[in-house]
Amino acid sequence: MIRYILKRILMMIPVMLGVSFIVFCMIYFTPGDPAEYILGVEATPESIATLREELGFNKGFWGQFADYVVRIVTKGDFGTSYTTRRSVTTELLERFPHTLRLAAMGVALATVVGIGAGIVAATRQYSIFDNMATVFALTGISMPNFWTGLMLIIVFSVYLGWLPSSGFAGPSQWILPTVTTGLASAATIMRQTRSSVLEVIRQDYVATARAKGQTEPVIVFKHVLRNALIPVLTVIGIQLGMLLGGAIMVETIFSIPGIGKLMVDSITVKNYPMVQGGVLFIALSFSLVNLIVDILYAFVDPRIRSQYSRKRVKKLKGGA
Amino acid sequence: MEQNGLLCPDGDETSFKKGSLFNETLLSLRQNRLAMLGMVILVMLILVAIFADVIAPYSIDDQQLSSRFQQPSQAHLFGTDNLGRDIFSRIVYGSRISLAIGASAATISALIGVLLGSIAGFYGGRVENLIMRFTDILMAIPSTLLAISIISALGPGLTNTIIAVSIGAVPGYVRVVRASILSVKEQEYIEAARSIGAEDGRIVCSHILPNCFAPILVQITLGVARAIQVAAALSFIGLGVLPPNPEWGSMLSAARPYIREHWHMVVFPGLAIMATIFGLNLFGDGLRDSLDPRLKT
């Protein structure tokens with residue numbers, strides 16, 4: 001198991017190197033001189049030349065890329081923000097808790113609603129509940145999250161006046177962004193739960209449980225769900241990762257000071273180190289979440305777990 | 001037909017088999033009410049885009065400053081915006097932009113994806129490794145974020161939006177095509193084609209790809225929906241299609257400052273996006289179910 005985890009972590013290294021290369025290329029080949037952006041219109045050619053030298057812009061493509069990667073790996077240094085002159089890493093870490101909280105609350109809500117609705121839809125297939133859940137899921141997947149957010153603001157902030165339309169400081173400010181973030185994920189999780197419960201519920205061992213007179217709740221929760229939820233777990237993990245990246249829109253609408261809003265603001269003022277750092281940071285968290293889900297998957301699914309223990313048994317036998 | 005004749009000398013049997021797959025798909029699509037609903041929405045949308053000049057009562061930049069912010073009425077079905085432009089007309093014309101983005105982005109990413117996926121699946125080895133690691137890298141960045149970072153480097157505009165949206169969708173096609181190719185590559189009829197001296201390109205194009213058609217078609221349908229959604233998001237944050245073009249996302253972006261007083265500016269462009277994605281998703285799901293029941297999710 002540890003070998004598997006180590007292997008997966010090692011596999012992340014070339015992927016992250018690739019991501020940083022792509023991000024670096026995009027910014028490198030963008031027209032315009034960063035030194036001029038930093039110093040503004042009143043800069044003299046001499047001061048621009050000095051700054052270019054200082055920031056290592058005269059080193060050529062590969063030299064600059066190597067510098068960039070080495071600084072990230074050795075010092076965790078993603079560069080300096082052009083606008084605030086502060087470290088990109090510091091700013092990202094300051095903003096990250098907001099983005100993480102938004103994504104986590106969104107996924108938590110989506111999990112509860114999605115699994116609940118999915119179970120109801122599957123155990124009462126073709127009933128009115130099933131049809132309602134299906135319509136909800138299809139609508140939820142089709143609504144772009146920035147529009148969902150705006151509609152929620154119109155209803156709950158403007159007309160009903162119940163909830164604030166921006167900010168992220170207190171529980172009342174969390175509700176609308178969390179619902180906006182979680183809605184599409186709830187729909188995806190619901191669809192996955194429904195189809196995987198439907199698959200399991202037709203298995204012979206469920207018929208056996210029913211035949212021996214087991215009550216319906218025990219059948220659903222003990223026999224069906226344990227097996228049906230394994231693929232759902234993967235979907236939840238993917239959704240968490242997606243929401244970390246997709247929080248951009250929600251953060252923009254609700255003025256939440258997270259990484260997404262920071263990046264959109266940075267793009268408008270061409271603050272490239274911030275954009276680079278943001279993309280890399282989110283890609284890294286995305287990959288880490290996927291890794292954790294894969295490991296959890298192996299823990300939860302006895303079939304996968306047994307593969308590892310069987311290997312160990314074989315090895316032990318071979319050693320003896 | 002010619003190449004199939006090669007494998008199945010009996011011409012009648014070939015046409016029967018082809019017809020039956022098509023008919024079967026059509027029949028099962030017809031029985032699927034949701035898929036039919038999706039198709040109706042889609043056809044309507046295409047008709048609206050084609051006949052926009054006839055349907056729209058006003059032009060996209062017909063400003064009537066005396067009638068700004070008007071609520072929906074008979075004269076202005078969806079009301080007017082902050083510059084006194086008719087929202088209904090702008091949404092009708094906007095369907096052209098969204099469909100153009102969706103169709104061209106899906107075509108571009110499908111072409112690149114099918115090419116890379118075929119090479120990876122057919123040749124295997126080091127080339128496959130290289131292509132698959134490349135897709136891993138692209139997939140490590142969430143698709144909306146990838147599109148945003150690409151367009152931040154390229155700058156806003158319609159063409160750049162299409163490019164940014166297409167690149168993010170390529171890995172999906174590569175994986176689907178590679179997986180399908182791997183599943184048919186070892187079949188006997190491929191060996192037969194090779195034994196009579198068919199070249200690689202011919203084997204892939206005439207014998208392998210037609211057998212991978214179903215998953216690719218489903219991917220394209222859902223890809224159009226995805227492209228429209230991401231493009232609208234880009235325009236919403238001011239990085240995609242720029243105003244005064246009536247792209248639905250950029251209309252929403254323009255409506256945002258007036259959300260407190262003028263709800264109609266926000267509701268209708270969003271409904272247009274939703275209906276389009278809804279239709280495409282329904283049709284794509286239905287297509288998946290009828291083309292390949294094993295792919296059902």
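Is Leu240(A) buried, exposed or partly exposed? In this predicted model, Leu240(A) counts as partly exposed, because its relative accessibility is 22% and the partly exposed class lies between the buried limit of under 20% and the exposed limit of over 50%. The residue is found in helix H10 of chain A, and when residues up to four places away in sequence are not counted, Leu240(A) touches Ala103(A), Ala104(A), Val107(A) and Val289(A). A further relation across the sequence is that of Leu240(A) to Ala108(A), for these two are 132 residues apart along the chain while their C-alpha atoms are 9.2 Å apart in space.

A second residue of chain A can be set beside this one. Asp130(A) has its place in helix H6 of chain A, and it counts as buried because its relative accessible area is 2%, where buried means under 20%. The side chain of Asp130(A) is joined to that of Arg194(A) by a polar contact of 2.8 Å. With neighbours within four places in sequence left aside, the residues in contact with Asp130(A) are Ala121(A), Arg124(A), Gln125(A) and, once again, Arg194(A).

From single residues we can step back to the division of chain A. The domain assignment gives domain 1, covering residues 2-75, and domain 2, covering residues 95-319, and the C-alpha centres of these two domains of chain A lie 34 Å apart. Where they meet, 16 residues of domain 1 of chain A are in contact with 15 residues of domain 2 of chain A, and the two domains bury about 1,600 Å² between them, with 76% of that area on carbon and sulfur atoms. Of the area that domain 1 of chain A buries against domain 2 of chain A, 32% is supplied by Tyr4(A), Met12(A) and Ile27(A), more than by any other three residues. Across this interface between the domains of chain A the rule finds zero salt bridges, and the count of residue pairs in polar contact, with both residues at pLDDT 80 or more, is also zero. On the side of domain 1 of chain A that touches domain 2 of chain A, H1 and helix H4 (61-75) of chain A each supply at least two residues, and H1(A) gives the most, with 12 residues. By class, that side of domain 1 of chain A has 12 nonpolar, two polar and two charged residues.

The other partner in the model is chain B. Its secondary structure comes to 13 helices and zero strands, and its C-alpha atoms fill a box of roughly 75 × 45 × 30 Å along the principal axes. Of the 297 residues in chain B, 52% are buried, and among the contacts in chain B with a separation of 6 or more, 70% are accounted for by residues 24 or more positions apart. Phe268(B) offers a view into this chain from helix H13 (residues 264-291) of chain B; it is buried, because its relative accessible area is 15% and the limit is under 20%. Apart from neighbours within four places in sequence, Phe268(B) is in contact with Pro72(B), Phe78(B), Ile87(B), Ile91(B) and Trp263(B). The C-alpha atoms of Phe268(B) and Gly94(B) are separated by 12 Å, although the two residues are 174 residues apart along the chain.

It remains to bring the two chains together. Here 42 residues of chain A are in contact with 37 residues of chain B, and the chains bury about 3,600 Å² between them, 78% of it on carbon and sulfur atoms. In chain A, Ser142(A), Phe146(A) and Trp147(A) lose the most area to chain B, and together they make up 16% of what that side buries. The count between chain A and chain B is one salt bridge, in which the side chains of Arg191(A) and Asp285(B) meet at 2.8 Å, N to O. The rule also finds three residue pairs in polar contact across the interface of chain A and chain B, both residues being at pLDDT 80 or more. Several helices of chain A give two or more residues to the side that touches chain B, including helix H6 (128-142), helix H8 (171-201) and helix H10 (216-253), while H7(A) gives the most, with nine residues. The residues on this side of chain A divide into 30 nonpolar, 11 polar and one charged.

Key:
Residues are numbered from 1 along each chain as its sequence is written. Chains are lettered from A and ligands numbered from 1 in the order in which they are written. Side-chain values use heavy atoms; hydrogens and water are left out. Contact means heavy atoms within 4.5 Å. Buried area is the accessible area (1.4 Å probe) that two parts lose on being put together, summed over both. A salt bridge is a side-chain nitrogen of Lys or Arg within 4 Å of a carboxyl oxygen of Asp or Glu. A polar contact is a pair of N or O atoms within 3.5 Å; within protein, one must be able to donate a hydrogen and the other to accept it, and residues adjacent in sequence count only if both atoms are side-chain atoms. Helices (H or I, at least four residues) and strands (E, at least two) are DSSP runs, numbered from the N terminus. Ala, Val, Leu, Ile, Met, Phe, Trp, Tyr, Cys and Pro count as nonpolar, Asp, Glu, Lys and Arg as charged, and the others, Gly among them, as polar. Buried means under 20% relative accessible area, exposed over 50%, partly exposed in between (1.4 Å probe, protein chains only). Domain bounds come from an automatic or database domain assignment.
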